[in-house]
Amino acid sequence: MLLQLKNISKGYGEFGTHSFRPVLKELNLEIGKGEKIAIIGPSGSGKTTLLNLVGALDLPDSGEVIFDGKNITGYSKRELATFRNQHLGFIFQLHHLMPQLNLWENVLLPLLPQGNSVSKGQKEWAEYLINKVGIWEQRNQKPSEMSGGECQRTAVVRALINRPQLILADEPTGALDEENAAALSELLIQLSDDENITLVTVTHSSELAEQMDKKLILRNGKLV
Amino acid sequence: MTRFQYILKTFAHYIKANLLVAVGVVISTMVLTGSLIIGDSVRYSLEQATFYRLGETTHLVSVTERYFRQEMADEIEADNREIKATPILLLEGIAVSGGGQQRVNKVQVIGVNSDFVEIAKSNLFAKLENNEIAISKNLAERLQVSEGDNILVRIKKASLIPMNAPFVSAEETSVSLRATVKNVVSKKELGRFSLKNSQTAPYNIFLSIERLNRLMEFKGKANKLLISTQLDNSIVEKSVKNCLTPEDAGLVINDIESTNEIEISTERVFLEDKISKALKKLPGAEPILSYFVNEIGRLKVGSRKSEAEKKVQSSKFKVQSTTIPYSFVSSVEDRFLAENEIILNSWAADDLNAKPGDKITLKYLEIGPLRKLVDKESEFILKEVIPMDSRWSDPTRVPHLPGLSDAGHCREWDTGVPIDLDAIRDKDEKYWDDYKGTPKAFVSLNKALEMWANRFGNYTAVRFPADSFDKEKYNQLFALEINPADLGMTIEPIRKQGIHAAQNGTDFSGLFIGMSFFILIASIVLTSLLFRLNLETRSAQVGLLSALGFQQKQVRSFYLIEGLIISFVGGIIGVIVSLFYTQFVFKILNSLWFDIVRTNVLEVKILPITLFAGLIISLIVSLLAISVSVRRFQNRKAIDLQNTLHSNSRKWSKLIRNSLLYLSLTISIAIFIKQIFFAEQINPALFFLTGGLLLFGLLLLFQKTLVKLESHEKSEIRLGKLAMLNLTRNKSRSLTVVILFALGTFLVVSTGSNKLDLFANAQEKSSGTGGFLFFAETTMPVLFDINNREKRDEEGIYENFEVVQLRKIEGDDASCLNLNRISQPAILGVDPGKLHERFSFAVRLKELGKSDPWQVLNDKFDDGTIPAIADQTVIQWGLGKKVGDILFYQNELGDTLRLKLIAGTTPSIFQGFIIISNKNFLENYPTSSGANLFLIDGKPENSNKIGEELQSVFRDYGWEMESTAKRLVEFYSVTNTYLSIFLALGALGLILGTIGLAVILARTILERRREIAVMQAVGFATQSIFFILIKEYLFLLFAGVLIGFVTAVVATLPAFLSSNSDASFSTVAIVVALILVNGFLWIVGLSWFSLRKKTLVAGLKVL
């Protein structure tokens, strides 16, 4: 078991007042290693909140998030940052590439929290991934000089650079046209298979959801 | 790629935004470093001015109103080879040229010899002969003369005898010299020679010391020794003491052959107390006190005059046939006479037809300050009549009095007191021919002391039997008993003191930093604000970095390093710009703001360490501002993420804010009500506190209103409400704008209100003029009472006015016109009764309660400390002291004079002086001659006539007069100039604040492009959106200005209420209007600019 969510609750606003709005209620989830899971649900059902909790970007009001047998809800901010860096890869709906960096530098960026330089092995790994997603030619280009699909593929490579155990993707194809969306879905599945990486994606795309091992629906704060 | 490369790439990518942030740093660095350079430059210039005025002088040996031998200089050099001593005779004078067209008062007339060349390092002084003079460049310019021209110099008459001493003629107060200008001396040739700590150049005339001695009828005398040595002051003191001789104290040894006695007398007529006490220690000493009496009379039985008769005859003596007019009377040892007994010589006894047992009267004058004459009379019983060849019948028993002793006839007497020449009989002339001043009567020493001891001394001579007098022992005794200080001689390390005064003078760094306070705040806020905006545009990046596993600390360090780069770039540019800024400020200081420096010696001095310090300080400040931005930004991000976790801490901060709000408003209103309705006297400090608290409270109230506005029911929606709700979108931005404008308006309005208009109530006694019409100073002292009716007739003064005459002991100018730090300002002696209920007091000792501080000026504290009053500005800024502190002087008698500041006046014409009572003044400076300072009181409508008459009568005294109101304005032009600078820099800060507002506005409109586009898309007219936008920002602008204005008016209400202030609603209204118009233009302009057609397209694209 890679990830286990036990009785997770999360809401917004001031607890105990009328402004408090519960989003997740006593939610439980178990994800095995190498599993590919799609979380779908209507807008406002708490998909992104769930992803933020799994990605250690936010903390639950109650419940536990257990990753590889360790409860990460008690981690300090520093430990959480290291955890995200070492074990997780993020892909967002918008690529969120650094406009000041070129493709190559954007890909290497997640290596910097570990040290102030990039090793030869890390560079070779980056080169391999960039080649694999077919954007080697654009390695010196800045995001403003690349297409949306190229930017999103760069974001995928950036998510894989630290060889994470879990990739969290929030609407990864949401900002792409149909053709690019299909290609990116295929790429994500293939990389997950090749590198044995667990993939959790929040999506509205039924095409992407269909390609996953499991499809979970979030409704009224619970997974069904 | 490394982290630093990432930071550099980020910096380069956002270069435009970063450079905008750097502008704030440039301004703060410029202002900060500029202020430091200005401080350095003023300090450096003052130090240079010290070197220019002292030349090679390191120490000064000085006496006031007395003189020592020039040879003392050679003796000191011989005593210690490491000391170079140069004697000078420094007097005051008036210089006139162009047949009286040009006249300069208070000129230093300096007698120098060839040794002065070493002090000045200029040969110009080597060969000044006869009537040749060298004059300072500024004097040449004022007199409009050049080398070869002739000028008239009127020099204050120096006298070995104190000018106010009894029976000293006061007719000749000045000596004239028609001199040829041989050289015009520049500052490098010691043209600015001065022994006073001041940056203002004196007017100097140099001539040969021998010539000056001749003019004063002296021989080989000096009053200052300029010492040049590396040695410590104590060693110089030792050498001076070693070389001090009885001659330097004015003592003279006379061999009285007729009585086989040796007499020690003094050139000063009366032996000073310490000297006579020392002389009495020699064996066989017989002190003598001889005095000039108006009348010796014999009382017949029943002829005692009634008190009424005596009063009628009080001033003029109607000498009857049974009296002898104008005679010397001398003392004899007490063992010969009881206190009520008298001895007459046979001539006098015969003249009076007196025999032992008869009652004899002596009528004499007691000579008070300003030659105020008091008639006195004593009664004796004739004990004995002595023959004319007795040993006491000796003309040498009376002191040498110029004008009396050397007169050929009685009618030629010039005694300094009125003489009724009709009373002098032929037999009196005959007596003078035969016996000169031989005393006609003798009283016991004790009785003589009781009658005639005075502030100049108790004895006129001390005699010794010739056979027991040992000159060697006399010299030894003098060396042992008399110190230089006992003769009023001071020995000071004048160069060290000058440098200290320069280094500790007015702190222009602090002043300019203070005056640039708002511009600094505005630039720092601008830096912080712009950096924050910069970060906000990249908020997604912060989230991404966090998601990628960067620690919060790492993310912060990225931004801080970026901030450091921005600060460094801004700092370097700022330092460069500060050099131009300093040059600019100095140009204004030498022109528009000249009032606060009053010298043209200011030079810009750039020290690398100062530039470095400026850079480092501004780096730290900017980085601090940036780190606050980063921290607040990160915290906000965290709060966004963890909304609920912070609810508790938010509750607390809300509670604290509310408490502070209610507390500050309640306290300020309470103080305000108490001050307005219940306080007896308005306290400006309390009003300022009220204003400050109110400002704080109202800003908190505004913040609370923003919060309320946000949480308010949003059921009804109107355009106006929409604008108000928009203000709450970014509360901290809205609050920042309001704080910036409130603070700026507060500072500008309160500063503007404090400008003083000193003409406003100048005629009131409680004002800074004391209700006097004129303030005058003379170069030569006036030795008589100008209020005396007879004296007025004599001098030709007919206008009706009263004069308060003040004595003066020279000191440094402690007014705000002097930039040096002063420790011993000039002391004024005044009759406190004449200032009763005049002027007002800003501070007074608690012990005084509500009593008039002038009333206690005649008193003394138990430990002998003397109460003193000064202008509060002098106390605080000139001296760096406070009321209750003590100032130390060395008085004329060599004792330490302790002056305790008991009160500080509100801005007054007394700036620069310390005031004590005449009584205490004369106790400490008994030989000081006459009055140099005058306050003239009269009817304002006669002021022109009074002024003209005084100018003409006292022209030769170097009478310099100005209206008291004008004098006050001149002093306070300094304060007002400081306020003007503050106002100018404050206004600049406000403009900067407005730019900040503009940036926020532009940024916000950019952020709201989508919203604006949507509004346009759903049919809002551009005009409506425009009004929503400007309404929002005009609200912030008006709220800020209103809060600042109201609180500033409260804070400076006393200034508005005072007629002494220049504060007028019109001035303040203009300033506020300018602020509003400036802000209005920016807001309207930018809103219009951002709402052009393109917005819709651009906004929809974003959508």
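Two residues are in contact if their C-beta atoms, placed from the backbone, lie within 7 Å. This is a predicted model, in which local features need pLDDT of at least 70 and side-chain atom pairs count only at pLDDT 80 or more, while totals for chains, interfaces and linings use all residues. Residues are numbered from 1 along each chain as its sequence is written, and chains are lettered from A and ligands numbered from 1 in the order in which they are written.

**Exercise 1. Describe the contact of the two chains from the side of chain B.**

Step 1. Chain A gives 30 residues to the contact and chain B gives 22 residues.

Step 2. Helices (H or I, at least four residues) and strands (E, at least two) are DSSP runs, numbered from the N terminus. On the side of chain B that touches chain A, α1 (3–13), α17 (539–547) and α18 (552–589) of chain B each supply at least two residues. The largest share, five residues, is that of α1(B).

Step 3. Ala, Val, Leu, Ile, Met, Phe, Trp, Tyr, Cys and Pro count as nonpolar, Asp, Glu, Lys and Arg as charged, and the others, Gly among them, as polar. By these classes, the side of chain B that touches chain A has eight nonpolar, twelve polar and two charged residues.

**Exercise 2. Work out how α2(B) lies against α16(B) and α18(B).**

Step 1. Axes are lines fitted to C-alpha atoms, for helices over the stretch in contact, and angles run from 0 to 180 degrees between N-to-C directions. Helix α2 (residues 15–54) of chain B packs against helix α16 (residues 517–537) of chain B at about 165°, and their axes are 8 Å apart.

Step 2. Angles under 35 degrees count as roughly parallel, over 145 as roughly antiparallel, 65 to 115 as roughly perpendicular and the rest as oblique. α2(B) and α16(B) are therefore roughly antiparallel.

Step 3. A crossing is left-handed if the near helix is turned anticlockwise from the far one by less than a right angle, and right-handed if clockwise. For α2(B) and α16(B) the crossing is left-handed.

Step 4. Residues of α2(B) that meet α16(B) include B:Leu20, B:Val21 and B:Gly24; among those on α16(B) are B:Ile519, B:Leu520 and B:Ser523. The contact of α2(B) with α16(B) has 13 nonpolar, six polar and no charged residues.

Step 5. With α18(B), the axis of α2(B) crosses at roughly 45° and comes within 6 Å. That makes the two helices, α2(B) and α18(B), oblique. The crossing of α2(B) past α18(B) is right-handed, and their contact has 14 nonpolar, ten polar and no charged residues.

**Exercise 3. Do the same for α3(B) and α7(B).**

Step 1. The axes of helix α3 (residues 71–79) of chain B and helix α7 (residues 233–243) of chain B are 9 Å apart, at an angle of about 120°. α3(B) and α7(B) are therefore oblique, and α3(B) passes α7(B) in a right-handed crossing.

Step 2. On α3(B), B:Met72, B:Glu75, B:Ile76 and B:Asp79 take part, and they meet B:Ser239, B:Val240, B:Asn242 and B:Cys243 on α7(B). Four of the residues in this contact are nonpolar, two polar and two charged.

**Exercise 4. Find where confidence is under 50.**

Step 1. pLDDT is the predictor's confidence in each residue, from 0 to 100. Chain B has a mean pLDDT of 84, and 89% of its residues reach 70 or more.

Step 2. In chain B, pLDDT stays under 50 over residues 306–321, with twelve contacts beyond four places in sequence. pLDDT also stays under 50 over residues 1095–1103 of chain B, with 17 such contacts.

Step 3. Where pLDDT is low, the predicted coordinates should not be read in detail.
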